[in-house]
Amino acid sequence: MSVPVWNPAVEFMEREALERLQLASLRQTVAWALETPFYRRRLAEVGLTHPEDLGSLRDVRNLPYTTKDDLRAAFPNGLLAVDLERTVRLHTSSGTTGMPTVIYHTRRDIDHWTELVARCIVATGATARDVFQNMTNYGMFTGGLGLHYGAERVGMLVIPASSGNTGRQIQLMRNFQTSVVHATPSYLLHLHAALTGEGVTVEQLRLRKAFIGAEPHSEETRRKIEALFGIQAYNSYGLSEMNGPGVAFECVYQTGLHLWEDAYILEILDPETLQPLPEGRTGEIVMTTLQRQATPLLRYRTRDLSHLVSGNCPCGRTHRRLARIKGRSDDMLIVNGVNVFPSQIEDVLMKTPEVGTNYLIQLEKRGSLDRLVVKTEIYAKLFTGDPQTLDDLRERIGEALRSAILIKPTVELHEPGSLPVSEGKAKRVVDLRPAF
Amino acid sequence: MTEQLSVFVDNRPGRLNAVTGILRDHQIDIRAMTIADHRAYGVVKLLVSDPRLAHRALVDQGFAAALKPVLAIAIEDRPGGLHELLEVLAERSINVLDAYGFVIAPGQRAVWCMEVDDPDAAARLIAARGLEVLADHELYRL
């Protein structure tokens with residue numbers, strides 16, 4: 001079987017040549033980083049003022065880390081390495097915890113990103129003959145535009161369906177004989193359950209592949225999606241700080257996600273000690289961009305946990321493989337593909353005088369979708385006795401949470417003192433979703 | 001005007017009897033009781049022999065409870081008795097927000113309790129029609 005490949009020269013590059021390329025690109029990236037106020041200061045602190053100070057690839061370990069908080073503090077332009085007029089796109093986070101973050105792209109940055117996504121798509125065996133329905137949100141969410149550009153570059157017929165409206169998704173799949181989709185795993189399970197309601201059978205579809213990502217999922221979930229639709233499902237990994245999708249993707253062998261090492265330097269570190277971990281040991285993914293000029297990031301701490309898959313992939317690609325993401329080294333929750341921090345929920349509750357300080361965040365599976373329940377206690381002193389006021393309060397908290405975390409949870413009001421009391425690190429989050 | 005006691009309770013087994021248990025412990029009589037059910041929680045509304053004491057006892061035990069003035073009106077327990085009262089309110093466009101009633105002496109006397117949007121005006125109207133707005137001590141002594 002011949003392995004489908006988009007850019008054989010890079011994807012099969014000998015490790016030695018790949019690492020030489022990485023070092024050259026790292027020096028270039030540091031040169032770009034030195035154009036930003038943020039990194040000029042950070043790099044000076046470690047005595048690095050010139051890209052040629054980097055003698056070998058191992059010297060990446062002397063570079064400073066970058067965290068999400070750094071991105072917030074540098075907002076909007078502290079990490080911008082080019083004149084604004086050279087940029088052609090930005091993706092910004094909602095900034096719900098106070099400060100948003102932003103990643104800028106030049107035309108060349110978008111071009112590089114698109115190339116990486118094209119590699120991912122072709123590695124799964126999808127081709128220009130496929131009809132590709134992109135079921136992820138367009139706009140600030142990088143999964144929409146990222147896959148869209150890559151699929152167009154491959155030459156697929158792209159249906160920019162965006163997320164939601166399941167009835168219409170199914171109709172589009174039938175009308176245009178969609179053969180490849182991109183969605184969150186939970187949405188595909190939801191879509192399958194909705195087929196019956198639309199009077200459509202799997203056999204009436206022409207689906208053959210799915211790209212699934214944006215939320216952690218188990219191997220069992222992947223196999224379930226494959227069995228339900230009679231397709232192959234390929235795991236996708238990306239994050240907006242590293243462009244978005246196209247960071248790492250499974251090839252036809254589905255034995256881990258090849259991370260494009262000409263575009264990123266990958267480190268797996270112990271999240272506590274920040275010491276490098278040997279192959280096979282699970283730690284935090286830390287990445288350095290190698291091709292992004294507008295917003296170069298050095299040693300970005302993703303907080304995602306994974307390990308390196310040992311051995312060589314039968315496909316022959318020399319780019320190493322990440323195992324599926326196991327979780328987070330911080331307390332971020334992923335709810336139907338949306339990132340949620342418990343602190344965002346806490347902020348809203350603390351600004352609502354009618355509820356007390358105790359709360360509980362509960363995550364459940366309702367069908368194949370996640371359900372977020374926020375339980376809070378009413379504050380006895382502000383209780384008026386009027387049931388309508390309580391319904392209004394629930395609605396008001398629900399709306400405030402929706403504007404903070406972009407999803408509307410179920411809000412439950414409880415008696416004072418009925419939720420577990422906070423004692424130091426209280427268990428505020430109960431995840432009842434099946435583990436993997 | 002009468003004071004009605006409202007208590008917030010989770011809708012799960014054992015919560016209602018936690019409320020009645022506290023009232024028993026303080027020798028408080030329940031005159032009437034109704035529950036506004038809101039699925040996950042309910043608001044229990046009570047007329048009791050000593051609303052202030054009941055309120056304090058419940059709050060001391062951690063309950064969210066509130067006192068609220070309501071109108072308690074003595075009406076005749078016969079067909080049309082309630083209708084005569086409500087007609088008075090309708091004529092003057094006084095809106096009833098929440099209400100419940102109970103019989104004291106079958107065939108003779110009943111009490112109608114209600115929250116209205118203008119309690120003072122309602123009380124004046126009702127008194128002018130010769131109906132009896134019960135004061136606290138009258139109600140509690142029933």
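**Exercise 1. One helix of chain A, seen from two sides**

On the other side of helix 3 of chain A from its buried residues, A:Pro37, A:Arg41, A:Ala44 and A:Glu45 are exposed. The model is a predicted one, and the task is to find which residues of helix 3 (residues 37–45) of chain A are buried, and what covers them.

*Solution.* Begin with the inward-facing residues: in helix 3 of chain A, the residues A:Phe38, A:Tyr39 and A:Leu43 are buried. When one looks down the axis of helix 3 of chain A, these buried residues fall within an arc of 110 degrees, so they line one face of the helix. The next step is to ask what lies over that face, and the cover includes helix 2 (15–33) and helix 4 (68–73) of chain A. Finally, follow the chain just past the end of helix 3 of chain A, where A:Gly47 takes a positive phi of about 75 degrees.

**Exercise 2. The surroundings of A:Val348**

Determine in which helix A:Val348 lies, whether A:Val348 is buried or exposed, and which residues A:Val348 touches beyond those up to four places away in sequence.

*Solution.* First locate the residue: A:Val348 belongs to helix 10 (residues 342–350) of chain A. Next count its neighbours, remembering that a residue is called buried if 20 or more other C-beta atoms lie within 10 Å of its own. Around A:Val348 there are 24 other C-beta atoms within 10 Å, and therefore A:Val348 is buried. Then list its contacts, leaving aside residues up to four places away in sequence: A:Val348 touches A:Ile397, A:Ala400, A:Leu401 and A:Ala404. A distance adds to this picture, since the C-alpha atoms of A:Val348 and A:Gly398 are separated by 9.5 Å, although their positions lie 50 residues apart along the chain.

**Exercise 3. Two open sheets in chain A**

Work out in which order the strands of the four-stranded sheet and of the nine-stranded sheet of chain A are arranged, and which strands stand at the edges of the four-stranded sheet and of the nine-stranded sheet.

*Solution.* Take the four-stranded sheet to begin with: it is open, its order is 10-11-12-15 (chain A), and its pairing is antiparallel. Strand 10 (264–269) and strand 15 (327–328) of chain A each have a single partner strand, so one side of each is left without a neighbour in the sheet. Strand 15 of chain A is joined by two bridges to strand 12 (residues 300–306) of chain A, with the two running antiparallel, and here A:Leu305 has A:Gly327 as its bridge partner.

Turn now to the sheet of nine strands, which is open as well, with the order 4-3-5-6-7-8-9-14-13 (chain A) and mixed pairing. Its edges are strand 4 (157–159) and strand 13 (308–309) of chain A, each of which has a single partner strand, so one side of each has no neighbour in the sheet. Within this order, strand 7 (residues 232–239) and strand 8 (residues 244–250) of chain A pair in the antiparallel sense over three bridges, and A:Ser236 finds its bridge partner in A:Phe249 of strand 8 of chain A. As a last step, look for a helix against these strands: helix 6 (residues 142–154) of chain A lies across several of them, including strand 3 (131–134) and strand 8 of chain A, and runs at about 65 degrees to strand 8 of chain A.

**Exercise 4. Chain B and its strand 3**

Describe the secondary structure of chain B, and explain which strands are joined by bridges to strand 3 (residues 41–48) of chain B.

*Solution.* Chain B comes to five helices and seven strands, which follow the pattern β-α-β-β-α-β-α-β-β-α-β-α along the sequence. Its radius of gyration is 16 Å, close to the 14 Å that the globule rule gives for 142 residues, so chain B is as compact as a globular protein of that length.

Strand 3 of chain B is mostly covered, with seven of its eight residues buried. Strand 1 (residues 2–10) of chain B runs antiparallel to strand 3 of chain B and is joined to it by six bridges, in which B:Val9 is partnered with B:Gly42. Strand 2 (residues 30–38) of chain B also runs antiparallel to strand 3 of chain B, through eight bridges, and B:His38 is partnered with B:Tyr41. Strands 2 and 3 of chain B form a hairpin with two residues between them, and in the turn B:Arg39 has a positive phi of about 60 degrees.

Key: Residues are numbered from 1 along each chain as its sequence is written. Chains are lettered from A and ligands numbered from 1 in the order in which they are written. This is a predicted model: local features need pLDDT of at least 70, side-chain atom pairs count only at pLDDT 80 or more; totals for chains, interfaces and linings use all residues. The radius of gyration is taken over C-alpha atoms; the globule rule is 2.2 Å times the number of residues to the power 0.38. Two strands pair if DSSP finds at least two bridges between them. Two residues are in contact if their C-beta atoms, placed from the backbone, lie within 7 Å. Axes are lines fitted to C-alpha atoms, for helices over the stretch in contact, and angles run from 0 to 180 degrees between N-to-C directions. A residue is buried if 20 or more other C-beta atoms lie within 10 Å of its own, exposed if 12 or fewer, and partly exposed in between; C-beta atoms are placed from the backbone. The arc is that of the directions from the helix axis to the C-beta atoms.
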